[in-house]
Amino acid sequence: MWSWRGDLTSSHSSSILELESRRGAVALFGHPNVGKSVLFQRLTGRYVMVSNYPGTTVELSRGAARFMADTAVVDTPGIVALPPRSEDEQVALRMLLDEPVRTIVQVSDGKNLRRSLLLSIQLAEMGLPMVLALNMMDEAEARGVSVDDRLLAERLDLAVVPTVATRGTGVKRLASAIESARAPRLRITYPEAIEESLAELAARLPESALDSRAVGLLWLSGDETVEAWVADRVDEETLRDLVACRAETASKFSESVSAVVQRVHLAYVDELVPDVVRETSGGSVGLAVKLGRLATDRFWAWPILAAILYGTYWFVGVFGSGYLVGWIEGSLFGKTINPWVIEWVHRLVPVHLVADFFVGSYGLWTMGMTYALALILPIVATFFLVFSLLEDTGYLPRLAVVTNRLFSALGLNGKAALPMVLGLGCVTMATLTTRILENKRDRLLAILLLALGVPCSAQLGIVLGMLGAISLVATLIWGGVVLAVILVVGALAARLVPGERTALVLELPPLRLPVISNVLAKTAARLEWYLKEVVPLFLAGAALLFVLDETGALPALINAFEPLVSGWLGLPAAASTAFLVGFLRRDFGATGLFVMQSHGQLSPQQVVVAMVTITLFIPCVASVFMIARERGVRTAAAMTALILPLAFLVGGAVHWTLLGIGWGGR
Amino acid sequence: MSADTPASQPELLTCSMCGYRFDPDENEACESCPMHRGCALVCCPACGYSEVDPRRSRLVSLVSRLAVRLRLFRRPVRPSAPGLTLADIPPGRRACIEALDELSAGRCHQLQAYGVAPGRYVEIVQQTPVTVIRVEHIDLAFESAIARGIRVASGRQSVSAAQQ
């Protein structure tokens, strides 16, 4: 998932990058969900998002080490094995190839040493100083697993340090092991054909800080990241020779070179593990394991999901959107803060126009800040709190299992549930998280669905609040239409976008009791991020409306949009302003419609039509930028060109249908 | 269709008249017919009886898909790896992985990195809605299409028996 960088000021960031280029970084590598981000936090004192599901880090996070002088530490996305399979795994490998790495720290799960060691071998072969952190040793001990770390260190020829990152155990010892780390002299022997090719490749591959054997193995395995890296650094003739060498090597085996290499690694690990790991008992199946299994059970999964959805609805929809918003907007802002601010601005600013800019109908404070702080913030805060709780428990991967069938209808697999649920918090963040999906097609489809129909919590809160005030039928019509559009567009896109669906393979982390401090820290970090992104956009929206209003352009725009907004959607012409600011953020637009409804300007039918249209709108300017960054400007433009007309088309269709059956008129 | 399904054999049609099984794509005579484009009929090479090839008929495939959605009949099961596969082992049993050669190379590499490798034992936790297995101390979930591509040696040993 998105990694928090908000506290990294530009000067701090540049000093870390300078430190990194001067001395090389200490890079944390390891499988997903083994505690790399917690260890990063312990080593640097910097907060990064930590969750109990794989894929929390999809970008590199950097910080200065606390216990080591002049040392930059980099947290990388989880990697299952080399060659990498997903984009976030490729980020980790690119870091090794492109950036100066002083020491590799592999963070491993002490209770699952076999799979950890497969990666250890690959990292040890890189020829860089390396330390192995045996993390989660408390969980290993609880399950009767003990590891002879001295013998393991001897066999792998590197420092091995047992740690419990969540408690900070072993962190100082790890820091001192990093200071004195050296490159392991581990040399694995591969079949003769591969060894010959590696010797040949050593002379032809471009210069690198990594051992040429490691780069050569990745080249022979057909890794795309190494292929692009090599292609950038050699001339065409050398590249042809390298490709020929790879093809010749591959022709000597009946299976892929990557499979042959992995078999050698597996055999090495199988020989090593019995010597260093002792399992005293199988351990009993605990309550957390039983609950975890019930959460994916074919029968029990559904009542559990329903209970979680109901709890979320009650906390976010009833408590956050109803009680909190009512109190903050109605009493705190409406009766206390706003009258006081308006009075003081009028006293201090004698020019009427300037005063209106701050506290008029489209004022920066009365519209921009009030919408952001009084209407949206309480809903987002309650949602992020629930989301952080769910993340920490490890329920989200189980949700992916339960929803796998639904997503297969959309040409995706259940893993897409993770960005979709996160999209309920923030579509921009969720767009970045689509990197955990395995191929470009899946990522493209997930981003399209996110941009099309997944409302963020702020918007969802407002939508549910407005529809709830009408009737359950109104909510069902809205939900049914949005779901139908998502299903139809998703199914069509799945057929039109070339490529095949990827089957689900997902690690299910154990269910854990959430750590309250972590939950609160994550909620606070997300809220801070939210305020930084949303407040400027809300202020810009209010300023835009103010300027348009004062220059007389707003009535002209409202007139221009009238055939679409009034003629086709059947809404009052004033709703144009809501759609106009909806381009900046659709929750801003929804808030404008909320205010119209509370002033009695919308009939139940108009509320349903407006909510359907604004839900299917593009999420916000920031998310469009994120789509452009992740998938290119053309994709972002194409999605916007598809989504906007579709939103109005569906909204109008709902209007005319409801009009036809005579539902919800005044 | 999933990328991980093994390469399937051509789907044979059985003639309703004479029972002859044949591959409808191999009927080269159709090419000479001026109306063969878009035609859903295929003739039995043995007796000449005209049969509808469901894959060629849009209406039939639409109705079949609808029927599958509505669960009027069971979704066709994709071919399994020959012999016993992970999908055949009931929950609560352990099985020894024999081979993953029915899966794509990339998927095979990924599963082996998780420890689902030949010679290793795994415990089957559940089979629906997806297969969940326990490897070492982690639960790994994957679709049954993948489970059907993993050959196993035996699924008779229960977990409790294995621990004793």
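A residue counts as buried when its relative accessible area is under 20%, as exposed when that area is over 50%, and as partly exposed in between. This scale serves the account below of a predicted model, which begins with two tryptophans of chain A. A:Trp340 has a relative accessible area of 53%, and therefore falls in the exposed class. A:Trp344, with a relative accessibility of 35%, is partly exposed.

These two residues share an element: both belong to helix H14 of chain A, which spans residues 301-348. They are four residues apart, about one turn of the helix. Over all chains, 14 aromatic pairs are counted. In the pair formed by A:Trp340 and A:Trp344, the ring centres are 6.3 Å apart and the planes meet at 50°, so the pair is classed as tilted. The ring of A:Trp344 also has a charged neighbour, since the charged end of A:Arg347 sits over that ring, 4.8 Å from its centre. A second arrangement of this kind involves A:Arg246, whose charged end sits over the ring of A:Trp219 at 4.3 Å from the ring centre. Ring pairs also build a cluster, which links A:Trp314, A:Phe315, A:Phe319 and A:Tyr323.

The strands of chain A offer another view of burial. Strand E3 of chain A, residues 72-75, directs A:Ala72 and A:Val74 one way, while A:Val73 and A:Asp75 point the other way. All four of these residues are buried. E3(A) has pairing partners in both senses. With strand E1 of chain A (residues 25-30), E3(A) pairs in the parallel sense over four bridges, and A:Ala27 stands opposite A:Val74. With strand E2 of chain A (residues 61-64), the pairing of E3(A) is antiparallel, again over four bridges; here A:Gly63 has A:Val73 as its bridge partner.

Further along chain A, helix H26 (residues 575-582) is mostly covered, with eight of its eight residues buried. The buried residues of H26(A) are A:Ala575, A:Ser576, A:Thr577, A:Ala578, A:Phe579, A:Leu580, A:Val581 and A:Gly582. Which helices cover them? The cover includes helices H24 (516-550), H25 (553-568), H27 (586-598), H28 (604-615) and H30 (633-661) of chain A.

Chain B has a secondary structure of four helices and nine strands. Read from the N terminus, its elements follow the order β-β-β-β-α-β-α-β-β-β-α-β-α. Chain B has 164 residues, of which 42% count as buried. Where contacts in chain B join residues at least 6 apart in sequence, 60% of them join residues at least 24 apart. The area that chain B exposes is about 9200 Å², with carbon and sulfur atoms supplying 53% of it.

The two chains meet at an interface in which 40 residues of chain A are in contact with 36 residues of chain B. Together, chain A and chain B bury about 3500 Å² between them, and 49% of this area lies on carbon and sulfur atoms. On the side of chain A, A:Arg85, A:Arg293 and A:Val505 supply 17% of the area buried against chain B, more than any other three residues.

How values were computed: Residues numbered from 1 in each chain as written. Chains lettered and ligands numbered in written order. Predicted model: local features only at pLDDT ≥ 70, side-chain atom pairs only at ≥ 80, totals over all residues. Heavy atoms only, no water. Phe/Tyr/Trp six-rings, centres within 6.5 Å; stacked < 30°, edge-to-face > 60°. Buried < 20%, exposed > 50% of the residue type's maximum accessible area, 1.4 Å probe, protein only. Lys NZ or Arg CZ within 6 Å of the ring centre and 35° of its normal. Contact = heavy atoms within 4.5 Å. Areas by Shrake-Rupley, 256 points an atom, 1.4 Å probe, with all protein chains shown as cover. Pairing = 2+ DSSP bridges. Buried area = accessible area lost by both parts, 1.4 Å probe.
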